[in-house]
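These are my notebook entries on a structure that I had not examined before. I set down what I looked up, in the order in which I looked.

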Amino acid sequence: IGLGQAAAGGFHGVRHRSQGDHAVGLSGCQGQRGHRRDRRRDGLADLRARVIRGERDGRTAGGQSTEQLVEAARSVLGPAICASLAVGGSLHAITFDPLLEQDLLTSLRPAEGGDVVTLDAHVLGAVVRDLTRLVEQAEQSGHSPVLVCSAPLRAPLRRLLRGELPRLAVLAYGELGGPIDVHTQGVVSLV
């Protein structure tokens, strides 16, 4: 889970380990740190230009919402965010079953405070219960897990889970990067 995302550009330069601790090397930007640094610097410059342009025009940058600006900043700062959550060079990740993640993506609807997940309340309750179970298992093992999902789901899920799981960090696949090992702690599914 997430490996398909990695092949599509997700876990660049990150070694992935499943619960069985079998290392899977993922190709990506290994050995191209200068290129990543330049891309990050260019991204920050672009973000800065959009914010300045928005301030000058008296609105959010480029007509973008605050949430869109935050997500743009996170995409540039992703490796630093990821590194701040890693313990001893390792990150313990919980992901979604791909079919469930697709259902979550399809259910997103725009709202005043940003997109919201609009799954049936019973289904959403089951998702939160399974996620809570996986988080508690990880914590009992001495780990602080993170939830990793598609970028469009990151902010809506963070808002949704804030009350139930306030300490759970939610990362987008694209934010994973840097010299870390990702250990799959569990997969949320409805099966």
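The entries below begin with the whole chain and then turn to single elements and residues.

**Entry 1: the chain as a whole.** I noted at the outset that the model is predicted. I counted six helices and eight strands in the secondary structure of the chain. Reading along the sequence, I wrote down the pattern α-β-β-α-α-β-α-β-β-α-β-α-β-β. I then looked up burial and found that 43% of the 191 residues count as buried. Turning to contacts between residues at least 6 apart in sequence, I found that 67% of them join residues at least 24 apart.

**Entry 2: helix α3.** I asked how far apart the end C-alpha atoms of helix α3 lie. This helix covers residues 66-85, and its 20 residues place the end C-alpha atoms only 24 Å apart, whereas a straight helix would reach 28 Å at 1.5 Å a residue. Searching along α3, I located a kink of about 75° at Leu77, shortly before the proline Pro79. I also listed the buried residues of α3, among them Leu69, Ala72, Ala73, Val76, Ile81 and Cys82. The charged names Glu71 and Arg74 stand in that buried list too, as does Gly78.

**Entry 3: cysteines.** How many disulfides does the structure hold? I found zero. I checked two cysteines for burial. Cys82 has 0% relative accessibility and therefore counts as buried. Cys149 also stands at 0% relative accessibility, so I entered Cys149 as buried.

**Entry 4: strands β3 and β8.** I looked up the pairing of strand β3, residues 90-96, and found that β3 and β8 run in the parallel sense over seven bridges. Within this pairing, Thr95 has Val187 of β8 as its bridge partner. I then asked whether β8 is largely enclosed or open. Seven of its eight residues are buried, so β8 is largely enclosed by the rest of the structure.

**Entry 5: His183.** I placed His183 in strand β8, which spans residues 181-188. Its relative accessible area is 13%, and since buried means under 20%, His183 is buried. I looked for a partner of its side chain and found a polar contact with the side chain of Ser90, at 3.3 Å.

**Entry 6: strands β6 and β7.** I found that strand β6, residues 146-149, pairs with β7 in the parallel sense over four bridges. In β7, Leu171 is the bridge partner of Val148. I next asked which way the residues of β7, residues 169-172, point. Ala169 and Leu171 point one way, Val170 and Ala172 point the other way, and all are buried. I recalled the general rule that side chains in a regular strand alternate between the two faces of the sheet.

**Entry 7: pairs distant in sequence.** I looked up Gly88 and found it in the loop between α3 and β3. Gly88 is exposed, with a relative accessible area of 79%. Its C-alpha atom is 8.7 Å from that of Ile180, although the two residues are 92 apart in sequence. I then turned to Gln137, which lies in helix α5, residues 121-140. With a relative accessible area of 37%, Gln137 is partly exposed. The C-alpha atoms of Gln137 and Gln185 are separated by 8.7 Å, and these residues are 48 apart along the chain.

Methods: Residues numbered from 1 in each chain as written. Predicted model: local features only at pLDDT ≥ 70, side-chain atom pairs only at ≥ 80, totals over all residues. Heavy atoms only, no water. Disulfide = S-S within 2.5 Å. Buried < 20%, exposed > 50% of the residue type's maximum accessible area, 1.4 Å probe, protein only. Polar contact = N/O pair within 3.5 Å; in protein donor to acceptor, adjacent residues only side chain to side chain. Expected span 1.5 Å × (residues − 1). Bend = angle between axes of the 7 residues up to and from the residue. Pairing = 2+ DSSP bridges. Contact = heavy atoms within 4.5 Å.
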